[in-house]
Amino acid sequence: SEVRPERAAAAPAPKGEVKISSRDRVIFPDSGQTKGALADYYTAIAPAMLPFAANRPLSLVRCPQGRAKKCFFQKHDSGAFGDAVQHVPITEKNGGTEDYLYIENVRGILQCVQMGTIEFHGWGVRSSNVEAPDRMVFDLDPDEGLDFGDVKQAARDIRDRLSDMGLVSFAMLSGGKGVHVVVPLTPDHSWEAHKDFARRFAEALSMAEPERFTATMSKAKRKGKIFIDWLRNQRGSTAVVPYSARARSGATVAVPIGWNELKDMADAHPFSIDDSKLLGDRAESKTLAGWGFAEQSLPDV
Ligand code: ATP
Ligand code: MN
Ligand code: MN
C-alpha cells in the first residue's frame with residue numbers, strides 16, 4: 001500500500017507530545033491562522049484553561065476542514081481521539097448510557113485539536129459526579145443591533161442581584177456577541193434545583209424589567225432585549241469553556257475578565273488565538289486572581 005511521504009518522513013513524536021498533522025492548514029480563512037497556530041495557542045494557554053476544562057464532560061466543536069467548512073458538535077467519545085481523551089458513562093433521558101468525553105491535561109486538549117476541534121464546551125459538572133452541578137452560567141444573548149453597553153450593564157445588574165443573594169459571580173467575554181456571568185457552586189445540590197434556580201432568577205429579572213430582558217428563547221420576543229439564557233443550566237447543556245477558541249471570524253477566544261475591566265470593553269471578542277502570551281499573563285494577574293472559584297451554595301428561595 002501507498003505510504004504518504006510526510007508520514008514516512010516524520011520522526012515519532014517524543015513521549016508525551018501530541019503529533020499535530022497538517023500544521024500549515026489554514027483553518028481560519030479570514031484571519032489566516034493555521035491548525036498549528038491553534039495547537040500552539042492551546043499549548044500556551046493550557047495552564048490557565050485546565051482549571052475550567054479538565055475533569056468535566058465536554059462537547060467539542062470540530063471543524064476538520066476549518067471553520068468555513070462543515071463543523072459539528074461532538075458529545076460522545078468515538079474512541080478515536082487518543083489515550084488522553086477519557087470517557088465517562090452518563091445515563092441519558094431515555095435510560096440508555098452513553099460515553100461522554102473529558103480531558104485531564106494538555107495532552108487531552110491537543111488530541112482533540114489534532115482531531116479538528118476548535119471549541120471546547122463544558123457541562124456545569126465534574127466527571128467524577130455528574131449529578132451534582134458546580135457551575136451556573138447566565139449566558140446573555142443580546143438581540144441583533146443591541147449596543148454592547150446594554151450587555152455590560154445587564155451583566156453588572158445580574159452580578160448585583162446575585163450578590164444580594166450572597167452569591168459571588170464572574171464575567172466572561174464569550175468571544176462572540178455576549179457575556180457569560182459565571183457562578184461557581186459547591187456541588188451539593190441536584191440538577192433540578194440548579195435549573196430551577198437559574199430559571200426563576202432569569203424570569204424574575206424579565207418580569208421586573210420586561211423592556212430590557214426576556215427569559216424565553218423565542219427570537220420574536222427578543223426584539224431590542226437581552227435573552228438571559230438560563231437553559232445552559234439544564235442537565236446535558238454546555239457553555240463554552242474559559243479560554244476556548246471560537247470557530248468564528250478572527251479566531252476569537254472566550255476570555256475571563258475582571259468586573260472592573262468590563263466597562264472598558266468595546267465588544268465581546270477583543271482577543272484571539274494570537275494573544276496567548278497576553279492572555280497567559282493576564283490569567284496570572286491580580287485582576288483575575290481567583291476568577292471562577294468560590295465556595296458557595298444556592299440560597300433557599
Ligand atoms: P455568543 O456570545 O455569541 O452568544 P455563546 O457561546 O454564548 O456566544 P450561544 O449560541 O449563546 O453562544 O450558545 C451558548 C452555549 O450553548 C454555547 O456556548 C454552547 O455550549 C451551547 N451550544 C450552542 N450551540 C449548540 C449546539 N448546536 N449543540 C449543543 N450546544 C450548543
Ligand atoms: Mn450566548
Ligand atoms: Mn445562548
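**Shell, helices and sheet in a predicted model**

Author: Two strands, β10 (135–142) and β15 (239–240), each give at least two residues to the shell around ligand 1. Keep in mind that this model is predicted.

Reader: Which residues around ligand 1 are the closest?

Author: The closest are His121, Ser174, Gly176, Gly178 and Val240, out of 14 residues surrounding the ligand.

Reader: And how many residues of that shell are nonpolar, polar or charged?

Author: The shell splits into four nonpolar, five polar and five charged residues. Gly counts as polar here, so Gly176 and Gly178, both among the closest residues, go with the polar group.

Reader: On to the helices. What makes the buried residues of α4 line one face?

Author: First, the residues themselves: Val151, Ala154, Ala155, Ile158 and Arg159 are the buried ones in α4. Viewed down the helix axis, they fall within an arc of 140 degrees, so they line one face. On the face turned away from that side you find the exposed residues Gly149, Asp160, Ser163 and Asp164.

Reader: What do the buried residues of α4 pack against?

Author: They pack against four strands, β10, β11 (170–173), β12 (179–184) and β14 (226–229), and against α6 (259–262).

Reader: How do you know what span to expect for α4?

Author: You take 1.5 Å times one less than the number of residues. Helix α4 (residues 148–164) has 17 residues, which gives an expected 24 Å; from first C-alpha to last it reaches 25 Å, close to that value. After the helix comes Gly166, with a positive phi near 85 degrees.

Reader: Why is α3 called largely enclosed?

Author: Count its residues: seven of the nine in α3 (residues 106–114) are buried, so the rest of the structure largely encloses the helix. Those seven are Val106, Gly108, Ile109, Leu110, Gln111, Cys112 and Val113. Their packing partners are α2 (35–53), β3, β5, β6 and β7. Gly116, just after α3, also has a positive phi, about 90 degrees.

Reader: Is β3 enclosed or exposed, and why?

Author: Enclosed, largely: four of the five residues in β3 (residues 58–62) are buried, so the surrounding structure covers most of the strand.

Reader: What makes β3 and β7 a pair?

Author: Two strands pair when DSSP finds at least two bridges between them. Between β3 and β7 (residues 117–122) there are five, running antiparallel, so the pair qualifies. One example is Val61, whose bridge partner in β7 is Glu119. With β4 (residues 72–74), β3 shares three bridges, again antiparallel, and there Arg62 stands opposite Phe72.

Reader: Why does Asn94 count as buried or exposed?

Author: The cut-off for exposed is 12 or fewer C-beta neighbours within 10 Å. Asn94 has 7, so it counts as exposed. You'll find Asn94 in the loop between β5 (85–91) and β6 (97–103). C-alpha to C-alpha, Asn94 lies 40 Å from Ser22, with their positions 72 residues apart in sequence.

Reader: Back to β10. In what order do the strands of its sheet run?

Author: The order is β13-β14-β10-β12-β11-β16, six strands in an open sheet with mixed pairing.

Reader: What makes β13 and β16 edge strands?

Author: Each of them, β13 (213–214) and β16 (255–257), pairs on one side only. Inside the sheet, β10 and β14 pair antiparallel over four bridges, and Asp141 has Phe227 of β14 as its bridge partner.

Key: Residues numbered from 1 in each chain as written. Chains lettered and ligands numbered in written order. Predicted model: local features only at pLDDT ≥ 70, side-chain atom pairs only at ≥ 80, totals over all residues. Near = placed C-beta within 6 Å. Buried ≥ 20, exposed ≤ 12 C-beta atoms within 10 Å, placed from the backbone. Arc of directions from axis to C-beta. Contact = placed C-beta atoms within 7 Å.
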